[in-house]
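Here are a few exercises to work through with the model open beside you. Try each task before reading its solution.

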Amino acid sequence: MGPPRSKKRRPTFRRLLKTSGVKLENKLKNRQLKQQNVAKKQRKEQKRLRQAVKDAAIRTPRPLETYRKRPEEEEDEEEFLETLPTDMMEDGDLQQMTTMARQASFITRDLSSCGPVHGGKKRRSEVVRSYEKVPRKMAKTEEKEVIHLLPIKDKTGVIPQSVERVKKQQVEEEEEEEEEEAAEQTEEMEDEAALQSAAQLTEEQREQLRAQKIHEKKLHIAALASAVVSDPSSNIKRVKELRGLLMESDPCVAVTVRKLVMVSLMEIFKDITPTYRIRPLTPAEKAAKVKKDTQQLREFEEGLVSQYKFYLEDLEQTINDWKQQKKKRSQAVGFSSYLGLAEVAVRCLCELLLALPHFNFHNNIIVILVPLMNDPVTKVSGMCCDAFRKLFQQDKLGGASLATVRVISGLVKRLNYNVRPEVLRTLLSLRIKEVEMKKDIEATAPKKKFMNNKERKKNLSRMQRKWKKAEEKLEKELLEAEASESKDKKIKLHTETLNIVFLVYFRILKKAQKSVLLPAVLEGLARFAHLINLEFFDDLLNVLQTLIQSGDLTNRESLHCIQTVFTILSGQGDVLNIDPLNFYSQLYKMLPTLHAGKPNDDIIIVLRCLDAMLTRRRKQVTLQRAMAFVKRLSTLSLHVLPNASVGILAANRAAVHSFPKCDFLLDNEVQGSGFYLPELDEPEHCNAQNTALWELHTLQRHYHPVVRRFAVHLSVGAPSEGSAALGADLSRRSPVELFDDYSVRDMTFNPAVAAPSTKKKDHFTVGVTLLDAELQRRAENILTVTEETELDFTTTHTPNTH
């Protein structure tokens, strides 16, 4: 048999865990109690030590203050004693005075009081007088932290030993203050010396001195900037030192140094700024204990935000000084240099606007730059407008665009619509298109590849397949939810932005129709017409028709009105039962008056209008109207630039494909009664079916090869196959694309036009030679007779009078 089984129960794991926890608690309490006892003993010992030192100091006798008198004073005292009447003083009085002089209390007591020496033991009646005699306490001085050392004991007693604790921060601050004061003094002395010496230097020496100073400042700025960029978390204080150079007081180099510092700080912030927005810490987060690395990161972020804020304030102050022509006390920068500094400040703000749209104070930058879009200085307003165009184009979510549009709307309303048209034209760069929105969402949504059934059966067991299927279903739902959430947020921002844009446009149409902003408004309506709500269509069409019929608009403005109308009708407005015949007539009337020279940007608007009027609405357009437009466009293509001719012929090709019966224009036979009226401005009644496209034969000899190809293609009926068909490079591109691709903006042809042939004839015929010999002989006889006959103008012919 084995050893007897113990009757004691084994403790369970939970009980062991519980008892171990209690033990640990007890150990912790004991340790704390021990520490408290040790601290209490140390405090008692220090208290005893201080009491012993105090008692020793009190018990030691204090000798009277003695000093050796000068010989002159001793002689004067002897002379004075000799002159005293000593015969009235007895020997006992003299002895008493001597004993009293030996007692310390006689010297140390208050000599001005009339009371006895030990009168302080009795109770005084005059409390106020005794209170006045109490010495005043000095102003409370700052308590110094003292470290008590072990005391020293000698013959006189115990001598305490202590050392004052040195505060590193205080010492560093004092050293910095001393250095700053010394630097200021040296700078003042150097400035005075420089002013004195500059008056004595020649112009060439002054220029050399200035170049040397600028070189030194550049090296200093480069050293500080490289230190910050190499280790931003440790050297963020160097940014403050760099900002101090914005207050450069040397008038020789002040402007140059300030510009260099502005640009350097801009590049530094673009480099060291994180890709997230830094929010302020809550009181709870500040009070919580964190790791050392986390604390360093928080300090860096706090310093970065504060320095960035101060930098933006400096730039804003520079711009305000230029706008207000405010002269500083330092006189370092003159009025003539304010514009240059302000341009650099605006450039830095524009760069930060584009580079850091996610970071703090982005809305503040927008508020500063939007009023400068309307500045009379062209360079400043141009920089701001270009910056906001780029911001609109790169803003995918729409938050920055919404903030900018709000500020622009407030500016237009505050200035009572007296703003530059470029301010509203920047809104044309807004990325508010449904196609782009879907594209952006598809690009930003993460793509997850899921396993098919074959892969599941091959690689996984039955239970694993079941779990995998459930997991993939959940992931699909999460991806759909994430994409729909981002899409809803984006559409919400875009809707709010468009509402503000249309509010600005409709206000100008209602209150400022004679304003210079009307072309920009009409262009914007044409750009975003497909996004206008259906309830505004009737009122907007009536306003646009009134504007066109008034005759106050230019060709470009009228074209924008027509484009807006047909963009609406080809989009959501197709449900409206409206026949825009007046707008067809207006465009037909305007075609011969378009500019045929270099600024032919109106042609591209015409091509967009034709696409919306003929191609998309081919079911609502009559054949007579289509043929009238094809004929007039062919006539227009004869006298415009080659890229415009290519675009117009491509539009004619699209019209011929949409209306196949337009091939009547390629035949000489007359269709119906009447004859063609080219000067009539009504496309329905000009009888275009009774004419032919003779312009195509002229265009077949055009100097541009692409125009020749299109003319040949159209003259045979615009076939899709065969030898006369166009290649894929031309047939698949829209008229607008062809207009841009073959542009002659750079004064070059695309493709290059062949040079004329330089072949010389073998022989030249002198004079005029006819093929018919008889006719040639008669011509020569007549010419010779006229040469030999002399005319006499002196004789006058008198008619017979009956």
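**Exercise 1.** In this predicted model, decide whether arginine 733 counts as buried, partly exposed or exposed, then describe its surroundings.

*Solution.*
- Start with the accessibility. Arginine 733 has a relative accessibility of 24%. Buried would need a value under 20%, and exposed one over 50%, so arginine 733 counts as partly exposed.
- Next, place the residue in the chain. Arginine 733 sits in the loop that links helix H29 (728-731) to helix H30 (735-741).
- Now look for partners, skipping neighbours within four places in sequence. That leaves arginine 733 touching Leu738, Asp741 and Tyr742.
- Finally, try a longer jump along the chain. Alanine 650 is 83 residues away from arginine 733 in sequence, yet their C-alpha atoms are 8.9 Å apart.

**Exercise 2.** Find out which residues of helix H13 (residues 362-369) are buried, and what covers them.

*Solution.*
- List the buried residues: His362, Ile365, Ile366, Ile368 and Leu369.
- Check how they are spread around the helix. They span an arc of only 160° about the axis, so they lie on the same side of H13.
- Recall the helix geometry behind such patterns. With 3.6 residues a turn in an α-helix, residues three or four places apart point the same way.
- Look at the cover. It includes helices H11 (292-324), H12 (338-355), H14 (378-394) and H15 (399-414).
- Take one of these, H11, a little further. Its 33 residues reach 48 Å from first C-alpha to last, close to the 48 Å expected at 1.5 Å a residue. After H11 comes glutamine 325, with a positive phi near 50°.

**Exercise 3.** How many cavities of 30 Å³ or more does the whole structure hold, and what lines them?

*Solution.*
- Count first: the search turns up two.
- Take the largest, with about 90 Å³ of space. It is lined by 13 residues, and those closest to its centre are Val656, Leu666, Leu693, Leu696 and Leu714.
- Ask where the lining comes from. Helix H25 (623-636) and helix H26 (642-658) are the elements giving two or more residues, and H26 has the largest share, with three.
- Sort that lining by class: nine residues are nonpolar, three polar and one charged.
- Move to the second largest cavity, which holds about 40 Å³. Asp395, Gly398, Ser401, Leu430, Arg431, Ile432, His494 and Thr497 line it.
- Sort again: this lining has two nonpolar, four polar and two charged residues.

Technical notes: Residues numbered from 1 in each chain as written. Predicted model: local features only at pLDDT ≥ 70, side-chain atom pairs only at ≥ 80, totals over all residues. Heavy atoms only, no water. Buried < 20%, exposed > 50% of the residue type's maximum accessible area, 1.4 Å probe, protein only. Helix = DSSP H or I, 4+ residues; strand = E, 2+ residues; numbered from the N terminus. Arc of directions from axis to C-beta. Contact = heavy atoms within 4.5 Å. 1 Å grid on protein atoms, 1.4 Å probe; cavity = no way out; pocket = protein on both sides within 12 Å on 5 of 7 lines; lining within 4 Å. Points joined across faces, edges and corners; volume = space filled by probe spheres on them. Nonpolar A, V, L, I, M, F, W, Y, C, P; charged D, E, K, R; others polar. Expected span 1.5 Å × (residues − 1).
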